[in-house]
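Trainee: Before we discuss this chain, could you show me the sequence and the structure, so that I can ask how each term is justified?

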Amino acid sequence: MNASGEFDIIARYFARLGANRADVRLGVGDDAAIVMPPPSRELVITTDSLVEGVHFLPNASATSLGHRAFAVNLSDVAAMGAEPAWALLSLTLPRIDEPWLAEFARAAGDLCRRHDVALVGGNTTRGPLSITVTLTGIVPIGMALERRGGQPGDAVFVTGSPGDAAAGLALEQGRLHVTDPMSAQILRDRFLFPTPRCDVGIALRGLASACIDVSDGLGGDLEKLCAASGCGAELDATSLPVSEALLGAVGRELAREYALTGGEDYELLFTVPLARLGAMTHAIARGLGPVTRIGSLVAHAGVRVFSRSGVMQFSRAGFDHFV
Ligand SMILES: [Mg+2]
């Protein structure tokens, strides 16, 4: 197949992927896209690549890859408290595989429409499978959430149930065996189809003092937030929100270890000053989403995890992608 034929095939799948946004003046198909940012807003821009063998297994489905490639970027925009808007996609493909492209585009399009994201451009190259998404979000001036705003005394919260995705990955790799098929499917899906917490991130504007998304493990990512904020944190292991599926699969102790060191969760980890805890409680009552308080920021550096038996050790190197 000649190059222009390939281009036509790919263009067919990506020409109108995602939401139809009124602020896209020129989308896929020209030399570059033109978008119209609203006045008095700042743009938040992020990019992330998924590379075969590093970020996903060779047998990963196109459905999961289409979802994850956009979900990991949506999660970064969520962590900034921004509304996702425009995306670019760079695809390196070993060959033109139309069923694969159709499946990938459908999964990516579903997630993008759910979050009102329009694909406005991209490119394709031939080579080992690799997927890069660049995502731009919109936030009122000065309202973006950063890692550096935390203060000693602030409460530490996390969304969802961290650790599930790492257990799901272990299942996919055959390193973990779970007898209950329902639990196994729930855990696998948490890895293959992470839920970016965009609504929570937007609701945290003016409420959270600092925020990060959990991609490398709750403990390690909390250390990054603490380092940026110039403080430390103390967590209560008994308050970690572990799911029934994870608990049933690996037991309480290992579930906590997965929750602290697992990675690939794409949950939000954020801090709230004590003076805003009342507002936070109201937000939770109004349906903010699944959030749990797990500890507090403290003046001295480092992250310590307390359990009934004392201070728990966890390995920062617990998550190491596939190497
Ligand atoms: Mg991040």
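Mentor: What follows takes the chain as a whole, then a helix pair, then a sheet.

Mentor: This is a predicted model, in which local features need pLDDT of at least 70 and side-chain atom pairs count only at pLDDT 80 or more, whereas totals for chains, interfaces and linings use all residues. Residues are numbered from 1 along each chain as its sequence is written, and side-chain values use heavy atoms, with hydrogens and water left out.

Trainee: What makes the chain as compact as a globular protein of that length?

Mentor: The radius of gyration, taken over C-alpha atoms, is set against the globule rule, 2.2 Å times the number of residues to the power 0.38. The chain has a radius of 20 Å and the rule gives 20 Å for 323 residues, so the chain is as compact as a globular protein of that length. Buried residues, meaning those under 20% relative accessible area with a 1.4 Å probe and protein chains only, make up 53% of the 323.

Trainee: How many helices and strands does the chain have?

Mentor: The chain comes to ten helices and 13 strands, where helices (H or I, at least four residues) and strands (E, at least two) are DSSP runs numbered from the N terminus.

Trainee: Why is the crossing of α2 and α3 called right-handed or left-handed?

Mentor: A crossing is right-handed if the near helix is turned clockwise from the far one by less than a right angle, and left-handed if anticlockwise. Helix α2 (residues 62-79) and helix α3 (residues 98-114) pack at about 35°, with axes 7 Å apart, where axes are lines fitted to C-alpha atoms over the stretch in contact and angles run from 0 to 180 degrees between N-to-C directions; their crossing is right-handed.

Trainee: Which residues of α2 and α3 meet?

Mentor: With contact meaning heavy atoms within 4.5 Å, the residues that meet include Phe70 and Leu74 in α2, and Trp100, Phe104 and Leu111 in α3.

Trainee: How do you know which strands of the seven-stranded sheet are at its edges?

Mentor: Two strands pair if DSSP finds at least two bridges between them. The open sheet has the order β8-β10-β7-β11-β9-β12-β13 with mixed pairing, and β8 (210-214) and β13 (310-312) are the edge strands, since each pairs on one side only.

Trainee: What supports the pairing of β9 with β11?

Mentor: Strand β9 (residues 232-236) and strand β11 (residues 291-298) share four bridges in the antiparallel sense, which meets the requirement of at least two; Leu235 has Gly295 in β11 as its bridge partner.

Methods:
Buried < 20%, exposed > 50% of the residue type's maximum accessible area, 1.4 Å probe, protein only.
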